[in-house]
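Me: I would like a close look at a single part of this model. Take the surface that meets the DNA, then work outward from there. Keep it brisk.

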Amino acid sequence: MRVASWNVNSLKVRLPQVLEWLQEKSPDVLCLQETKLTDEKFPVAELAEAGYHALYHGQPTYNGVAILSRSVPEDGRCDWPEGSDGQARLCAGTFAGTRVVNVYVPNGQSLESDKYPYKLQWLERLRALIAKELQQWPRLLLVGDFNIAPDDRDVYDPVAWGEDVLCSPPERAALSALLNLGLQDSWRHQHGDLQEWSWWDYRAAGFRRNRGLRIDLILASNALMAEVQDVVIDRNARAAERPSDHAPVLIQLQEE
DNA sequence: ATGTCACTAGGTTAGTGA
(Lines give C-alpha, C1' and ligand atoms only; values in the text may rest on other atoms or scores of the structure.)
Protein backbone atom coordinates (compact mmCIF):
# COMPACT_ATOMS: atom_id res chain seq x y z
CA MET A 1 0.00 0.00 0.00
CA ARG A 2 1.21 3.48 -0.81
CA VAL A 3 0.00 6.46 1.20
CA ALA A 4 0.86 10.09 0.53
CA SER A 5 0.39 13.47 2.18
CA TRP A 6 0.32 16.84 0.44
CA ASN A 7 -0.49 20.34 1.60
CA VAL A 8 -1.90 21.71 -1.66
CA ASN A 9 -2.58 25.31 -0.55
CA SER A 10 -6.01 25.54 -2.23
CA LEU A 11 -7.42 22.51 -4.03
CA LYS A 12 -9.38 24.87 -6.27
CA VAL A 13 -6.13 26.19 -7.70
CA ARG A 14 -4.17 22.94 -7.45
CA LEU A 15 -6.70 20.41 -8.80
CA PRO A 16 -4.90 20.02 -12.16
CA GLN A 17 -1.60 19.32 -10.40
CA VAL A 18 -3.28 16.89 -7.99
CA LEU A 19 -4.96 14.97 -10.84
CA GLU A 20 -1.68 14.78 -12.72
CA TRP A 21 0.17 13.60 -9.62
CA LEU A 22 -2.45 10.91 -8.94
CA GLN A 23 -2.09 9.64 -12.47
CA GLU A 24 1.70 9.66 -12.29
CA LYS A 25 2.14 8.09 -8.84
CA SER A 26 -1.12 6.18 -8.47
CA PRO A 27 -1.08 6.08 -4.65
CA ASP A 28 -3.73 4.05 -2.84
CA VAL A 29 -4.35 6.96 -0.48
CA LEU A 30 -3.59 10.69 -0.75
CA CYS A 31 -4.17 12.91 2.27
CA LEU A 32 -4.62 16.60 1.49
CA GLN A 33 -4.30 19.66 3.71
CA GLU A 34 -5.31 23.27 3.13
CA THR A 35 -7.97 22.40 0.58
CA LYS A 36 -9.62 25.75 1.43
CA LEU A 37 -12.95 24.51 0.05
CA THR A 38 -16.39 24.21 1.58
CA ASP A 39 -17.81 20.70 1.25
CA GLU A 40 -20.31 21.67 -1.45
CA LYS A 41 -17.45 22.90 -3.63
CA PHE A 42 -15.31 19.77 -3.24
CA PRO A 43 -14.45 18.34 -6.71
CA VAL A 44 -16.01 14.92 -6.05
CA ALA A 45 -16.85 14.20 -9.71
CA GLU A 46 -13.42 15.07 -11.13
CA LEU A 47 -11.71 12.87 -8.55
CA ALA A 48 -14.17 10.01 -9.10
CA GLU A 49 -13.38 10.20 -12.80
CA ALA A 50 -9.71 9.80 -11.89
CA GLY A 51 -10.63 6.72 -9.86
CA TYR A 52 -10.55 8.20 -6.36
CA HIS A 53 -13.10 8.24 -3.59
CA ALA A 54 -13.01 11.33 -1.40
CA LEU A 55 -13.60 11.88 2.29
CA TYR A 56 -13.48 15.60 2.92
CA HIS A 57 -14.02 18.16 5.61
CA GLY A 58 -13.72 21.82 4.77
CA GLN A 59 -14.72 25.36 5.68
CA PRO A 60 -14.58 28.71 3.88
CA THR A 61 -11.20 30.39 3.27
CA TYR A 62 -8.97 28.45 5.65
CA ASN A 63 -7.80 24.93 6.49
CA GLY A 64 -9.70 21.96 5.09
CA VAL A 65 -8.54 18.33 4.88
CA ALA A 66 -9.41 15.37 2.68
CA ILE A 67 -8.49 11.75 2.10
CA LEU A 68 -8.56 10.54 -1.50
CA SER A 69 -8.45 6.77 -1.95
CA ARG A 70 -8.84 3.95 -4.45
CA SER A 71 -11.12 2.08 -2.05
CA VAL A 72 -13.81 3.41 0.26
CA PRO A 73 -12.50 3.85 3.82
CA GLU A 74 -14.06 2.23 6.85
CA ASP A 75 -14.79 4.13 10.05
CA GLY A 76 -14.42 7.48 8.30
CA ARG A 77 -14.12 10.37 10.71
CA CYS A 78 -14.19 14.11 10.18
CA ASP A 79 -13.08 16.35 13.01
CA TRP A 80 -12.83 15.62 16.74
CA PRO A 81 -14.97 13.00 18.48
CA GLU A 82 -15.96 15.63 21.06
CA GLY A 83 -17.14 17.99 18.30
CA SER A 84 -15.67 20.66 16.07
CA ASP A 85 -13.92 23.78 17.30
CA GLY A 86 -14.66 25.47 13.99
CA GLN A 87 -11.33 24.63 12.34
CA ALA A 88 -11.31 21.81 9.80
CA ARG A 89 -7.94 20.21 10.46
CA LEU A 90 -8.53 16.51 11.03
CA CYS A 91 -9.98 13.48 9.27
CA ALA A 92 -9.33 9.74 9.28
CA GLY A 93 -10.25 6.47 7.66
CA THR A 94 -9.25 2.81 7.74
CA PHE A 95 -7.91 0.94 4.70
CA ALA A 96 -7.47 -2.83 4.89
CA GLY A 97 -7.02 -2.58 8.64
CA THR A 98 -4.54 0.30 8.49
CA ARG A 99 -5.76 3.46 10.16
CA VAL A 100 -4.80 6.68 8.36
CA VAL A 101 -5.16 9.90 10.34
CA ASN A 102 -4.71 13.11 8.35
CA VAL A 103 -3.89 16.37 10.15
CA TYR A 104 -3.28 20.00 9.35
CA VAL A 105 -1.63 21.15 12.56
CA PRO A 106 -2.12 24.86 13.32
CA ASN A 107 0.78 27.01 12.14
CA GLY A 108 1.02 29.06 15.34
CA GLN A 109 2.14 32.21 13.47
CA SER A 110 4.62 33.39 16.14
CA LEU A 111 5.47 32.70 19.77
CA GLU A 112 3.62 35.88 20.75
CA SER A 113 0.44 35.12 18.82
CA ASP A 114 -2.67 33.69 20.48
CA LYS A 115 -2.49 31.12 17.67
CA TYR A 116 0.60 29.65 19.36
CA PRO A 117 -1.08 28.40 22.57
CA TYR A 118 -3.93 27.16 20.36
CA LYS A 119 -1.38 25.10 18.43
CA LEU A 120 0.03 23.56 21.62
CA GLN A 121 -3.46 22.77 22.96
CA TRP A 122 -4.43 21.31 19.61
CA LEU A 123 -1.39 19.01 19.68
CA GLU A 124 -2.26 17.86 23.20
CA ARG A 125 -5.81 17.02 22.07
CA LEU A 126 -4.33 15.15 19.12
CA ARG A 127 -2.09 13.14 21.46
CA ALA A 128 -5.12 12.06 23.49
CA LEU A 129 -7.03 11.11 20.33
CA ILE A 130 -4.16 9.13 18.83
CA ALA A 131 -3.65 7.25 22.10
CA LYS A 132 -7.25 6.00 21.75
CA GLU A 133 -7.00 5.31 18.03
CA LEU A 134 -3.86 3.22 18.57
CA GLN A 135 -5.74 0.99 20.99
CA GLN A 136 -8.30 0.25 18.30
CA TRP A 137 -5.91 0.24 15.33
CA PRO A 138 -2.31 -0.71 16.21
CA ARG A 139 -1.47 -0.37 12.53
CA LEU A 140 -1.68 3.40 12.19
CA LEU A 141 -0.24 6.19 10.06
CA LEU A 142 -0.45 9.76 11.34
CA VAL A 143 0.27 11.98 8.36
CA GLY A 144 0.06 15.61 7.41
CA ASP A 145 1.44 19.10 7.69
CA PHE A 146 2.68 19.22 11.28
CA ASN A 147 4.06 22.76 11.07
CA ILE A 148 6.94 21.52 13.23
CA ALA A 149 10.49 20.73 12.11
CA PRO A 150 11.33 17.72 14.34
CA ASP A 151 14.95 18.76 14.92
CA ASP A 152 17.73 20.97 13.55
CA ARG A 153 18.53 18.52 10.74
CA ASP A 154 15.12 19.45 9.34
CA VAL A 155 15.94 23.17 8.96
CA TYR A 156 18.01 24.78 6.19
CA ASP A 157 19.63 27.22 8.59
CA PRO A 158 18.93 26.22 12.18
CA VAL A 159 21.07 29.03 13.59
CA ALA A 160 19.11 31.71 11.72
CA TRP A 161 15.77 30.05 12.46
CA GLY A 162 16.65 29.55 16.12
CA GLU A 163 13.75 28.67 18.39
CA ASP A 164 11.15 30.57 16.42
CA VAL A 165 7.74 29.12 15.64
CA LEU A 166 7.91 25.71 13.86
CA CYS A 167 11.13 25.02 15.82
CA SER A 168 10.39 26.08 19.39
CA PRO A 169 11.11 23.61 22.22
CA PRO A 170 7.43 23.37 23.33
CA GLU A 171 6.35 22.44 19.79
CA ARG A 172 9.10 19.88 19.47
CA ALA A 173 8.18 18.48 22.89
CA ALA A 174 4.56 18.13 21.73
CA LEU A 175 5.75 16.19 18.70
CA SER A 176 7.94 14.00 20.93
CA ALA A 177 4.91 13.28 23.11
CA LEU A 178 3.10 12.03 20.00
CA LEU A 179 6.05 9.86 19.02
CA ASN A 180 6.21 8.48 22.56
CA LEU A 181 2.80 6.88 22.00
CA GLY A 182 4.64 4.39 19.81
CA LEU A 183 5.15 6.17 16.50
CA GLN A 184 8.23 6.81 14.37
CA ASP A 185 9.09 9.59 11.94
CA SER A 186 9.26 7.23 8.96
CA TRP A 187 11.27 9.49 6.63
CA ARG A 188 13.94 10.13 9.28
CA HIS A 189 14.03 6.45 10.20
CA GLN A 190 14.71 5.51 6.58
CA HIS A 191 17.18 8.24 5.70
CA GLY A 192 19.51 8.66 8.69
CA ASP A 193 21.00 12.15 8.83
CA LEU A 194 19.97 13.13 5.30
CA GLN A 195 18.62 16.66 4.93
CA GLU A 196 15.66 17.30 2.64
CA TRP A 197 12.82 19.76 2.88
CA SER A 198 9.08 19.43 2.29
CA TRP A 199 8.20 23.14 2.40
CA TRP A 200 9.86 26.18 0.90
CA ASP A 201 8.55 29.70 1.53
CA TYR A 202 7.13 31.39 -1.56
CA ARG A 203 8.86 34.53 -0.40
CA ALA A 204 12.51 35.44 -0.85
CA ALA A 205 13.00 32.79 -3.55
CA GLY A 206 12.95 30.03 -0.94
CA PHE A 207 12.79 27.18 -3.43
CA ARG A 208 15.38 28.51 -5.84
CA ARG A 209 17.79 28.96 -2.96
CA ASN A 210 16.67 25.65 -1.43
CA ARG A 211 15.82 27.27 1.88
CA GLY A 212 13.26 24.94 3.34
CA LEU A 213 12.05 22.94 6.29
CA ARG A 214 10.84 19.37 6.66
CA ILE A 215 7.47 19.84 8.35
CA ASP A 216 5.31 17.38 6.39
CA LEU A 217 5.59 14.04 8.14
CA ILE A 218 4.38 10.47 8.01
CA LEU A 219 4.45 8.96 11.48
CA ALA A 220 4.13 5.19 11.44
CA SER A 221 3.16 3.09 14.44
CA ASN A 222 5.75 0.57 15.61
CA ALA A 223 3.51 -2.22 14.32
CA LEU A 224 3.80 -0.79 10.79
CA MET A 225 7.40 0.36 10.82
CA ALA A 226 8.78 -3.07 9.90
CA GLU A 227 6.72 -2.96 6.71
CA VAL A 228 8.03 0.40 5.52
CA GLN A 229 9.89 -0.05 2.24
CA ASP A 230 10.48 3.53 1.20
CA VAL A 231 9.58 7.11 2.10
CA VAL A 232 10.18 9.89 -0.41
CA ILE A 233 9.58 13.62 -0.65
CA ASP A 234 8.61 14.49 -4.22
CA ARG A 235 10.50 17.72 -4.74
CA ASN A 236 9.56 17.68 -8.46
CA ALA A 237 6.01 18.67 -7.55
CA ARG A 238 7.36 21.80 -5.88
CA ALA A 239 9.31 22.65 -9.05
CA ALA A 240 6.18 22.38 -11.23
CA GLU A 241 4.16 25.16 -12.79
CA ARG A 242 2.11 27.11 -10.25
CA PRO A 243 3.12 24.87 -7.34
CA SER A 244 1.97 24.56 -3.77
CA ASP A 245 4.62 25.73 -1.32
CA HIS A 246 4.72 22.11 -0.03
CA ALA A 247 5.93 18.92 -1.70
CA PRO A 248 4.09 15.59 -1.31
CA VAL A 249 5.50 12.86 0.93
CA LEU A 250 4.89 9.25 -0.10
CA ILE A 251 5.33 6.08 1.93
CA GLN A 252 5.40 2.59 0.50
CA LEU A 253 4.36 -0.28 2.77
CA GLN A 254 5.13 -3.88 1.99
CA GLU A 255 2.18 -5.75 0.49
CA GLU A 256 0.73 -8.57 2.53
C1' DA B 1 13.48 37.86 8.05
C1' DT B 2 10.89 38.49 3.42
C1' DG B 3 12.26 38.85 -3.49
C1' DT B 4 4.90 35.25 -2.81
C1' DC B 5 0.60 33.31 -3.24
C1' DA B 6 -4.34 32.62 -2.21
C1' DC B 7 -8.24 34.04 0.08
C1' DT B 8 -12.27 37.35 0.93
C1' DA B 9 -14.95 41.49 1.02
C1' DG B 10 -16.20 44.98 -1.28
C1' DG B 11 -15.91 48.09 -4.41
C1' DT B 12 -11.37 47.03 -9.14
C1' DT B 13 -7.42 47.00 -4.02
C1' DA B 14 -6.18 46.00 0.96
C1' DG B 15 -6.18 43.04 4.84
C1' DT B 16 -5.04 38.38 6.45
C1' DG B 17 -2.68 34.10 6.89
C1' DA B 18 0.77 31.15 5.65
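Reply: What follows starts at the DNA, moves through the loops, and ends with one helix.

The model is predicted. Treat every distance below as a computed value from that prediction.

Begin with the surface around DNA strand B. There are 23 residues around DNA strand B. Those that come nearest are S10, T61, W161, R208 and R209. By type, the residues of this surface divide into 10 charged, eight nonpolar and five polar. On the DNA side, look at the atoms of strand B that come within 4 Å of the protein: sugar and phosphate account for 55% of them.

Specific atom pairs come next. Two arginines pair with the backbone of the DNA. R242 has a polar side-chain atom 3.1 Å from a phosphate oxygen of DNA strand B. For R211, the corresponding distance from a polar side-chain atom to a phosphate oxygen of DNA strand B is 3.4 Å. Y156 pairs with a base instead. An N or O atom in the Y156 side chain is 3.4 Å from a base nitrogen of DNA strand B.

Now take S10, one of the residues that come nearest to the strand. S10 sits in the loop between β1 and α1. Its backbone deserves a check: S10 is not a glycine, yet its phi is positive, at about 90°. S10 counts as buried because its relative accessibility is 13%, under the 20% cut-off. That accessibility is computed on protein chains only.

N9 shares this loop, which runs between β1 (2-7) and α1 (11-25). N9 also counts as buried, because its relative accessibility is 14%. The N9 side chain reaches the side chain of K36 in a polar contact of 2.9 Å. K36 belongs to another loop, between β2 (29-33) and α2 (44-49). K36 has a positive phi too, about 55°, and is not a glycine. With a relative accessible area of 30%, K36 is therefore partly exposed.

The loop between β3 and β4 is next. It holds N63 and P60. The flanking strands are β3 (53-57) and β4 (65-69). P60 has a relative accessibility of 54%, so it counts as exposed. N63 has a relative accessible area of 6%, so it is buried. Their C-alpha distances to other parts of the chain are worth noting. P60 and A50 are 10 residues apart in sequence, with C-alpha atoms 25 Å apart. N63 and T35 are 28 residues apart along the chain, with C-alpha atoms separated by 6.4 Å.

Two strand residues add to the picture. H53 is in strand β3. It is partly exposed, with a relative accessible area of 29%. Its C-alpha atom is 9.4 Å from that of V29, and the two residues are 24 apart along the chain. T94 is in strand β6 (residues 90-95). T94 counts as buried, because its relative accessibility is 5%. The T94 side chain makes a polar contact of 2.9 Å with the side chain of R99.

Step back to the annotated region. UniProt lists residues 4-246 as "domain: Endonuclease/exonuclease/phosphatase", in an unreviewed entry. Over residues 4-246 the chain is 30% helix and 26% strand. The end C-alpha atoms of that stretch are 13 Å apart.

Finish with helix α3, residues 115-136. Start with its length. Its 22 residues, at 1.5 Å a residue, should span 32 Å. The end C-alpha atoms are 31 Å apart, which agrees.

Then consider its sides. The buried residues of α3 are Y116, Y118, K119, W122, L123, L126, L129, I130, E133 and L134. They cover an arc of only 135° around the axis, so they lie on the same side of α3. The general rule is that an α-helix has 3.6 residues a turn, so residues three or four places apart point the same way. The other side of α3 has Q121, K132 and Q135, which are exposed. K119 and E133 are on the buried list as well.

Definitions and conventions:
Residues are numbered from 1 along each chain as its sequence is written. Chains are lettered from A and ligands numbered from 1 in the order in which they are written. This is a predicted model: local features need pLDDT of at least 70, side-chain atom pairs count only at pLDDT 80 or more; totals for chains, interfaces and linings use all residues. Side-chain values use heavy atoms; hydrogens and water are left out. Helices (H or I, at least four residues) and strands (E, at least two) are DSSP runs, numbered from the N terminus. The expected span of a helix is 1.5 Å times one less than its number of residues. Buried means under 20% relative accessible area, exposed over 50%, partly exposed in between (1.4 Å probe, protein chains only). The arc is that of the directions from the helix axis to the C-beta atoms. UniProt positions are given in the numbering used here, feature names are shortened, and annotations may be inferred rather than shown by experiment. A residue is near a molecule or strand if one of its heavy atoms lies within 4 Å of it. A polar contact is a pair of N or O atoms within 3.5 Å; within protein, one must be able to donate a hydrogen and the other to accept it, and residues adjacent in sequence count only if both atoms are side-chain atoms. Ala, Val, Leu, Ile, Met, Phe, Trp, Tyr, Cys and Pro count as nonpolar, Asp, Glu, Lys and Arg as charged, and the others, Gly among them, as polar.
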